[in-house]
Amino acid sequence: MWVTTAVLLVALSGCGTPAPTVEATTTAAQTAPATTAPPSPAATLTPGTIPAPAQRAPEPADSPAAAPSTAAPQAVPTASPTAVPSAARSSAAAPRPEPAEYSDPSSLTVVVNKRRPLNPVDYFPSGLVLPSVPLAVQEPNALLRGETAAAVEDLFEAAANDGVGLTLVSGYRSYQDQVSTYAHWVAQNGGNTDAADRISARAGFSEHQTGLAFDVGQSDGACTLAPCFADTAAGQWMAANAHRFGFILRYPAGAEAVTGFSGEAWHYRYVGVDVAEAMRNDGAATLEEYFGLPAAPGY
Ligand SMILES: [Zn+2]
């Protein structure tokens, strides 16, 4: 009954692995690289510097071929006309990526949503490794990009030190995996693609394909990939601490009009500590809002 329940929950989950292949919690033998220096641009900003992305223009939706450079940069006032109060808000202290950094699928700040497919759609990330943490899924779906895996290891260790057991439920998912996953959801919803689209990304539109996103569970399996995960010790610990390790809750409850997905308290995305903390300080709930990109409620 436990297993049945778990399988059912997974089958109903948004991030949608059709069915978990492994229930047992195992620890990966392979160790991820310990060094992680997120290649964050401009770790420090000199006083008075105005971050260039402040001039970014919203990207047209679905323009994978659009060259970011064609968006004529607006003039940057070099001779600072006194202070620029608006640019001096807390977010100005955090590096914001250039357009290429949220279009390039290998960038830690890439934004993938229903209007921003991966480019190419069958993108395969390099440097996937198996994080050395408790797993509830087998390779290759437990793999993560190296910097993400290292951050996951630190995060799981910190949670354990606070008495909270976490498990990795789903990591990397290939384009073909997502083809199957989405088809599963359409079938589960009697062919209703609108219903499927609320809970599962179409192939080529999933963050899991970047190796930067993962689904977290509580080690006892409570509320795995279910809305009640938000109320578990694991869910609450993640909500309060994930940003310290460079992760954001990618699909917050109540943000469906922006993200296109109903809330997923278990889906976290690595963006690096600087961006994760800046978003929290700014009160930005989504990457779209933080980067000034259009909302993506639908395809
Ligand atoms: Zn997910």
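**Exercise 1. Determine which residues of the largest nonpolar core touch the most other members, and which helix gives the most to this core.**

Solution. The largest nonpolar core has 60 residues, and those that touch the most other members are Val152, Leu155, Leu168, Val216, Phe247 and Tyr268. Helix α2 (residues 146–161) gives the most to this core, with seven residues. A nonpolar core is here a set of buried Ala, Val, Leu, Ile, Met, Phe, Trp, Tyr and Cys residues joined through C-beta atoms within 7 Å. A residue is buried if 20 or more other C-beta atoms lie within 10 Å of its own, exposed if 12 or fewer, and partly exposed in between, with C-beta atoms placed from the backbone. Helices (H or I, at least four residues) and strands (E, at least two) are DSSP runs, numbered from the N terminus. In soluble globular proteins, nonpolar side chains tend to be buried together.

The model is predicted: local features need pLDDT of at least 70 and side-chain atom pairs count only at pLDDT 80 or more, while totals for chains, interfaces and linings use all residues. Residues are numbered from 1 along each chain as its sequence is written.

**Exercise 2. Describe helix α2: its span, its buried residues and what follows it.**

Solution. Step one concerns the span. Helix α2 has 16 residues and reaches 23 Å from its first C-alpha to its last, close to the expected 22 Å; the expected span is 1.5 Å times one less than the number of residues.

Step two lists the buried residues of α2: Glu147, Thr148, Ala149, Ala150, Ala151, Val152, Glu153, Leu155, Phe156 and Ala159.

Step three looks past the helix. Gly163 follows α2 and has a positive phi, near 80 degrees.

**Exercise 3. Place Phe247 and strand β8 (residues 267–270) in their surroundings.**

Solution. Begin with contacts, which require C-beta atoms, placed from the backbone, to lie within 7 Å. Leaving aside neighbours within four places in sequence, Phe247 is in contact with Ala151, Leu155, Ala242, Tyr268, Arg269, Tyr270 and Ala276.

Next, consider pairing, for which DSSP must find at least two bridges between two strands. Strand β7 (residues 247–249) runs antiparallel to β8, and three bridges join them; Phe247 stands opposite Tyr270 in β8. Strand β6 is also antiparallel to β8 and joined to it by three bridges, with Ala213 opposite Arg269.

Finally, examine the faces of β8. In a regular strand the side chains alternate between the two faces of the sheet. His267 and Arg269 lie on one side of β8, Tyr268 and Tyr270 on the other, and all are buried.

**Exercise 4. Identify the buried residues of helix α7 (residues 273–282) and elements that cover them.**

Solution. The buried residues are Asp274, Val275, Ala276, Ala278 and Met279. Their cover includes β7 and α8 (287–291). Just after α7, Gly283 takes a positive phi of about 75 degrees.

**Exercise 5. Locate the cis peptide bonds at Pro120 and Pro140, and examine the backbone at Cys223 and Leu225.**

Solution. The bond joining Asn119 and Pro120 is cis, with omega about 5 degrees; Pro120 lies in the loop between β1 (26–27) and β2 (128–129). The bond from Glu139 to Pro140 is also cis, with omega near 0 degrees, and Pro140 lies in the loop between β3 (134–135) and β4 (144–145).

Turn then to the loop between β6 (213–218) and α5 (233–241), where Cys223 lies. Cys223 has a positive phi near 60 degrees and is partly exposed, because 19 other C-beta atoms lie within 10 Å. Leu225 lies in the loop between β6 and α5 and has a positive phi of about 55 degrees, although it is not a glycine. Leu225 counts as buried because it has 25 C-beta neighbours inside 10 Å.

Conventions
Two residues are in contact if their C-beta atoms, placed from the backbone, lie within 7 Å.
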